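This report covers one protein chain, from a surface patch through the helices and the core to the salt bridges. The sequence and the model come first.

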Amino acid sequence: IVSITRRYGWICVAEREDGQEFARDDAEVLGILAAQVGRIYENGSLYRSVSRHAARLELEVQRRTHAERRLAAQYAVSRVLAETLPEAVTAQLLLKTLCTEMQFVTGALWEVDRGVGALTKSAAWPDDRAWSAMQHAPTSSVALGVWREGKASWVNDAQGLDAASGMGRDAPAGTALAFPIHLHGEVIGIIELRSQVARAAEPDL
């Protein structure tokens, strides 16, 4: 069994059922079959090679797209922080910019209230309605985890985590990305972004 570039194997036959010897026609038929099987193997090999190459290209495109998105987000955030605006307006613009540039649908800014040892929501985008389910809970379970750990967290089933923590099933669903805001080595706030669908983790984000 051969193709133009390599040999894959052999077809071997022995002892015809009628007891006769194999004729030249038999050998020609087997040769044709072997050539056809060889082409099938070759096509399969080429298909797998092309598929692997396409997968590598797709991964590279995704990496570059993610890198460009992160860079655009950095520039956009820098422009927002460079503006001299009221704190509440800056918080709203910051959440809007992060959600827009990083393709999340809603975001919230949580501030650490050390007097009572809790997080309080100081801003939300596009508005508080997306976070209305939190009115019966102390805060977002995702944000609480980031506050305790002091490092960013990517949660694929944010709604499930919220429900388990008593926030209810009406909280923003999908994937959550939350990261701490540090000042002098302490966490002073949390920015939390959420999508409506599950997203693959992006460690560089």
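Phe-22 is located in the segment that precedes H1. Helices (H or I, at least four residues) and strands (E, at least two) are DSSP runs, numbered from the N terminus. The model is a predicted one, so local features need pLDDT of at least 70 and side-chain atom pairs count only at pLDDT 80 or more, whereas totals for chains, interfaces and linings use all residues. Numbering starts from 1 along each chain as its sequence is written, and side-chain values use heavy atoms, with hydrogens and water left out.

**Surface patch and overall figures**

Phe-22 is partly exposed, at 42% relative accessibility; the classes are buried, under 20% relative accessible area, exposed, over 50%, and partly exposed in between (1.4 Å probe, protein chains only). Together with Ile-11, Val-13, Val-29 and Leu-33, Phe-22 makes a nonpolar surface patch of about 410 Å². Such patches are made of residues with over 30% relative accessible area and no salt bridge; like charges are joined within 9 Å, nonpolar side chains (Val, Leu, Ile, Met, Phe, Trp, Tyr) within 5 Å. Areas come from the Shrake-Rupley method with a 1.4 Å probe, and for residues only the protein chains shown count as cover.

The accessible surface of the chain is about 13600 Å², and 54% of this belongs to carbon and sulfur atoms. Of the 205 residues in the chain, 32% are buried. Four helices and five strands are present, in the order α-α-β-β-α-β-α-β-β from the N terminus. Taking contacts (heavy atoms within 4.5 Å) between residues at least 6 apart in sequence, 54% join residues at least 24 apart.

**Helices H1, H2 and H3**

With 59 residues, H1 should span 87 Å at 1.5 Å a residue, and its end C-alpha atoms are indeed 87 Å apart. The expected span is 1.5 Å times one less than the number of residues. Gly-31 belongs to H1 and is partly exposed at 38% relative accessibility. Its C-alpha atom is separated by 9.9 Å from that of Val-2, 29 residues away along the chain. Glu-42, also in H1, is buried with a relative accessible area of 16%. Beyond its neighbours within four places in sequence, Glu-42 contacts Ser-3, Thr-5, Arg-6 and Tyr-8. Other buried residues of H1 include Ala-34, Gly-38, Ala-73 and Val-77, and H2 is part of what covers the buried residues of H1.

H2 has 16 residues and an expected span of 22 Å, in agreement with the 22 Å between its end C-alpha atoms. Its buried residues, among them Leu-94, Leu-95 and Leu-98, pack against H1, E1 (106-113), E2, E4 (176-183) and E5. Gln-103, just after H2, has a positive phi of about 65 degrees. Likewise, Gly-150 just after H3 takes a positive phi of about 75 degrees.

**Nonpolar cores**

A nonpolar core is a set of buried Ala, Val, Leu, Ile, Met, Phe, Trp, Tyr and Cys residues joined through side-chain atoms within 4.5 Å. The largest one has 17 residues, and Leu-98, Phe-104, Ile-191 and Leu-193 touch the most other members. H1 (24-82), H2 (87-102), E2 (118-125) and E5 (186-194) each give two or more residues to this core, with the largest share, six residues, coming from H2. A separate core of 13 residues includes Ala-108, Trp-110, Val-155 and Ile-190. Outside its neighbours within four places in sequence, Ile-191 has contacts that include Leu-94, Leu-98, Leu-109, Leu-177 and Phe-179.

**Salt bridges**

A salt bridge is a side-chain nitrogen of Lys or Arg within 4 Å of a carboxyl oxygen of Asp or Glu. By this rule there are three.

| Pair | Closest N to O distance |
|---|---|
| Glu-60 and Arg-64 | 3.0 Å |
| Glu-186 and Arg-114 | 3.7 Å |
| Glu-192 and Arg-194 | 2.7 Å |

The pair of Glu-186 in E5 and Arg-114 in the loop between E1 and E2 links distant parts of the chain, 72 residues apart. Glu-186 is partly exposed, at 44% relative accessibility. Glu-60 and Arg-64 are about one helical turn apart, because four residues separate them in H1. Glu-60 is partly exposed at 33%, while Arg-64 is exposed at 53%. Glu-192 is buried, with 0% relative accessibility, and Arg-194 is buried with a relative accessible area of 0%.
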